[in-house]
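Work through the exercises below with the sequence and the 3D structure at hand. Try each task before reading its solution.

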Amino acid sequence: MGRDSSSEALVLALRQTGDDHRLATLFGLDRGVYQAMLFGGGKSRLRALVSPWHTGTVWLYGDAKKDLAKISDFDVHKFRPGIRVSLYKTWAATLACELVIKTSASGEYGPCWALCDAFFDGLDQAGDEECGTALIRFLWRYLNLMGLCPSTVACAACGALFSSPVVYLPKENGFICASCANEWNADLTINPEGLAYLSALSELRAGEVRRMRLTEQTREELKRLLFFLISQAAGGRLNTMEAGLGIL
Ligand SMILES: [Zn+2]
């Protein structure tokens, strides 16, 4: 048996496993995604602290070589109560957590941690309408961490620079121009405004991108594309996305 060890952790998910026991999925800054047991009834102090998207210092007791250590304490640094009061924010945060779990934090723990931390802080503080664009930014940056962002500048088939709407072609993992597209998939079409926004996400500072405004149509196009790309990146359908179709 090991002794108590402490480290920084973000709570990703919580699942009931026995009468009063929970299995917590955590994201550790130093060790990526792992699970730990949480004992205690509904009224226990610890149970209220270990809750999704709380960040803090976790104390674990158990064998470090085994996944299932026991959580002996959790000192929360960020509760982010603003997320819980909104259905949309709760859904967006749950989607981000599922993505982190399914992709093992993209294998890039430090940058992934910074991205998630900033996204959850943003959800906590921003209004609902701003959160839709925040989710677009988060998903594109997450794809970037995984090295899966298609070029927003030139056609993946002929190399021509983009100047009009483009379509995403899954088998190329790239955008292609109108002249190269044999068939046009309207669900994966992006207009020049959307492409410029995606480029800005890779090139400009966060504050500058936040000031950019998008038309409703562009926001919808980017959302559709990113949900598709992110499902692909996660190796299949994301449960949160299926469950959230009604509130999107
Ligand atoms: Zn082309």
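Two strands count as paired if DSSP finds at least two bridges between them. The model used here is a predicted one.

**Exercise 1. Pairing in two hairpins**

Task: Determine in which sense β2 and β3 pair, and over how many bridges.

Solution.
Step 1. Find the two strands: β2 covers residues 22–28 and β3 covers residues 32–38.
Step 2. Count the bridges between β2 and β3: there are 7, and the pairing is antiparallel. The pair meets the requirement of at least two bridges.
Step 3. Check one position. Ala24 has Ala36 in β3 as its bridge partner.
Step 4. Look at the connection. Between β2 and β3 lie 3 residues, and the two strands form a hairpin.
Step 5. Repeat the procedure for β1 and β2. Their pairing is antiparallel over 7 bridges, and Arg15 has Leu23 in β2 as its bridge partner. β1 and β2 also form a hairpin, with 5 residues between them.

**Exercise 2. From pairs to a barrel**

Task: Work out in which order the 5 strands of the closed barrel run.

Solution.
Step 1. Begin with β3 and β5 (residues 69–78), which pair in the parallel sense over 2 bridges. Here Met37 stands opposite Lys70 in β5.
Step 2. Continue from β5 to β4 (residues 55–61). These two strands run antiparallel and are joined by 7 bridges.
Step 3. Check positions in this pair. Leu60 stands opposite Ile71 in β5, and Tyr61 has Lys70 in β5 as its bridge partner.
Step 4. Write down the order. The closed barrel runs β1-β2-β3-β5-β4, and its pairing is mixed.
Step 5. Add the twist: from one strand to the next it averages 50°.
Step 6. Place the helix. α3 (residues 87–102) lies across β1, β2 and β3, and runs at about 110° to β1.

**Exercise 3. An open sheet**

Task: Identify which strands stand at the edges of the open sheet formed by β6, β7 and β8.

Solution.
Step 1. Read the order of the 3 strands: β7-β6-β8, with antiparallel pairing.
Step 2. Find the edges. β7 (174–176) and β8 (189–190) each have a single partner strand, so one side of each has no neighbour in the sheet.
Step 3. Examine one pair. β6 (residues 166–169) and β7 run antiparallel and are joined by 3 bridges. Within this pair, Val167 has Ile176 in β7 as its bridge partner.

**Exercise 4. Helix packing around α5**

Task: Describe how α5 packs against α6 and against α8.

Solution.
Step 1. Take α5 (residues 128–145) and α6 (residues 192–203). Their axes are 10 Å apart, and the helices pack at an angle of about 60°. α5 is therefore oblique to α6.
Step 2. Give the handedness: the crossing of α5 with α6 is right-handed.
Step 3. List the residues. On the α5 side they are Arg137, Trp140, Arg141 and Asn144, and these meet Leu198, Leu201 and Ser202 in α6.
Step 4. Sort this contact by class: 3 residues are nonpolar, 2 are polar and 2 are charged.
Step 5. Turn to α8 (residues 216–233). Its axis and that of α5 come within 10 Å and cross at roughly 40°, and the crossing is left-handed.
Step 6. List residues again. From α5, the contact includes Ile136, Leu139 and Trp140, and from α8 it includes Leu222, Leu226 and Ile230.
Step 7. Sort the contact of α5 with α8 by class: 9 residues are nonpolar, 2 are polar and 2 are charged.

**Exercise 5. Two domains**

Task: State how far apart the centres of domain 1 and domain 2 are, and describe the side of domain 1 that touches domain 2.

Solution.
Step 1. Mark the bounds. The domain assignment gives residues 5–79 as domain 1 and residues 82–247 as domain 2.
Step 2. Give the separation: the centres, taken over C-alpha atoms, are 29 Å apart.
Step 3. Count the contact residues: domain 1 gives 12 and domain 2 gives 12.
Step 4. Assign the residues on the domain 1 side to strands. β1 (5–16), β2 and β3 each supply at least two of them. The largest share, 3 residues, comes from β1.
Step 5. Sort the domain 1 side by class: 8 residues are nonpolar, 3 are polar and 1 is charged.

Conventions:
Residues are numbered from 1 along each chain as its sequence is written. This is a predicted model: local features need pLDDT of at least 70, side-chain atom pairs count only at pLDDT 80 or more; totals for chains, interfaces and linings use all residues. Domain bounds come from an automatic or database domain assignment. Two residues are in contact if their C-beta atoms, placed from the backbone, lie within 7 Å. Helices (H or I, at least four residues) and strands (E, at least two) are DSSP runs, numbered from the N terminus. Ala, Val, Leu, Ile, Met, Phe, Trp, Tyr, Cys and Pro count as nonpolar, Asp, Glu, Lys and Arg as charged, and the others, Gly among them, as polar. Axes are lines fitted to C-alpha atoms, for helices over the stretch in contact, and angles run from 0 to 180 degrees between N-to-C directions. Angles under 35 degrees count as roughly parallel, over 145 as roughly antiparallel, 65 to 115 as roughly perpendicular and the rest as oblique. A crossing is left-handed if the near helix is turned anticlockwise from the far one by less than a right angle, and right-handed if clockwise.
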